[in-house]
Structures are given as C-alpha cells and as structure tokens.
Amino acid sequence: MTAFRWPAGKRCACVLSFDVDGETIPFVRDPENARRRLTLQSEAAYGPTVGAPRLLDLLAEYGLQASFFVPGFTAERHPEVIERILREGHELGHHGYLHERPDTLDDAQEEAVLARGIEVLERLSGAKPRGYRSPSWELKPGTPALLKRYGFVYDSSLMGDDVPYLVETPHGQLLELPIQWINDDAPHYSRTTGISSQEKVLEIWREEFAGYHRYGGCFILTMHP
C-alpha cells in the first residue's frame, strides 16, 4: 500500500488508544501467586477504577474519540467502565480474555480465548468487537486468518508499515493498523526499564508525530490507564 492516501485531502491520522488491562496483569506477571498479592491486584485495579474514568473525563473535555481495548476478564469485573466507554461514543476492542499472548497458546486454546473474549464484549455491549489488539502485541502466523474468520475488520498488533496495510488470509484481507513500541507508554513508564519524565515522553512523541505527519502516516498512541 505504498500509494496509500488519506481521504478528503487529509495529511495523516492520529489514534488515541488505551489498553485497559486491569486485574489480568497479576496473572501475567505472577500467575502462581496472583491471588495472594493484594498490593499487585490493587495496582492493576487502579486502571479501570481510577485511571480510565479520568481519561474519559479528559477525552470529553476536548471532544475526542478513542479506542479502548479491554480483556474479557477485566470487562466482566468492571462493567461500569465498559458502559461509560460505550455511552460516550468510544470504540470497544478485543484484547484477549486474561491477557493471554497468542504465541503461548496452541491453536485450539487461541481460538477458545478469542471466542470467550468476543462473548463477553458482545454480552456487555450488544455488538461484536470489530477491532483486535493482541496482548503484548504478539501474533502467531495463523492469527490473522482466525481473526478474519471471526468477523474482525482490523487488527492493531503488527509493525510492518507507517500506514494501514492489508494482510492476506484464506478468508480475505484483514486491515492492519500498525503500532510501534516507541509510541507505547509502557517502555517509558516501566519499573524494569525506568520511569521517564513526562517532558521526555512528550518530546519523543512530538518528534514521532512530526515524522508521521511528514510521511502521511498513521500515528497510533498506545496508553495504559
């Protein structure tokens, strides 16, 4: 899609996206002891109970729409934030059930997790999710075909371009909205890599946006409440 052009004479696009992982993270970090680590659970619960509502307030203040990718487990535990996301016109996307990386699952497990996440989001929202983002941005070679078979319109887990591109599958083409780690807040605010200042992150993202704007790209910020 090297000849990609935005409609209506637009130069580039910007996506504000939020991964509301919630209490799935203790099970990702320390599955054997997750239920015994109350402090870690409280840190994870902060996202859907405090962080996401504040972000929704901010988006409402500026009249902006965003995409929220939510694991099914988190959606079940916090239906009130799901209700608000939908009520205020934001997109609700699939993000696994318990934040399972597809590459750690066999094909049957991967499909079961996908179906379970769809069931939860559809039950809470009344509609099947159209977009998918893989936990930890890791897909298996067969994942695009699986997503297409289950009716997804797009994925946002790959890094093969700066603009939307098409992934061929036996069931048709899947639209890819590519992401990059530099535009994810996790590497900038991780306890393992070090906590950055807000000024540093703003400088990095501002310069990244300038490059996307120059080349007509799709600037996707991935953030975590």
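This is a short dialogue on reading aromatic pairs and burial in a predicted model.

Visitor: How is a pair of aromatic rings described, and what is the count of aromatic pairs here?

Guide: A pair of aromatic rings is described by how far apart the centres are and by the angle of the planes. In this structure the count comes to eight aromatic pairs. Take Tyr132 and Phe152: the ring centres are 5.9 Å apart and the planes stand at 70°, so this pair is edge-to-face, the cut-off being over 60 degrees.

Visitor: Which parts of the chain does the pair of Tyr132 and Phe152 tie together?

Guide: Tyr132 belongs to strand β4 (residues 131-132), while Phe152 is in the loop between α6 (143-149) and β5 (154-155), so the pair joins parts that are 20 residues apart in sequence. Both Tyr132 and Phe152 are buried.

Visitor: What about Phe209 and Phe219: are they buried or exposed, or partly exposed?

Guide: Let's start with the geometry. Phe209 and Phe219 form an edge-to-face pair, with 5.4 Å from centre to centre and 75° between the planes. Phe209 lies in helix α7 and Phe219 in strand β10 (residues 218-223), so this pair ties together parts 10 residues apart in sequence. As for burial, Phe209 counts as partly exposed at 31% relative accessibility, whereas Phe219 counts as buried at 4%.

Visitor: Which residues do ring pairs link into a cluster?

Guide: Phe27, Phe73 and Tyr97 are linked that way. Tyr97 also has a charged partner: the charged end of Arg116 sits over the Tyr97 ring, 3.8 Å from its centre.

Methods
Residues are numbered from 1 along each chain as its sequence is written. This is a predicted model: local features need pLDDT of at least 70, side-chain atom pairs count only at pLDDT 80 or more; totals for chains, interfaces and linings use all residues. Side-chain values use heavy atoms; hydrogens and water are left out. Rings of Phe, Tyr and Trp (its six-membered ring) pair if their centres lie within 6.5 Å; planes under 30 degrees apart count as stacked, over 60 as edge-to-face and the rest as tilted. Helices (H or I, at least four residues) and strands (E, at least two) are DSSP runs, numbered from the N terminus. Buried means under 20% relative accessible area, exposed over 50%, partly exposed in between (1.4 Å probe, protein chains only). A charge sits over a ring if NZ of Lys or CZ of Arg is within 6 Å of the ring centre and within 35 degrees of the ring normal.
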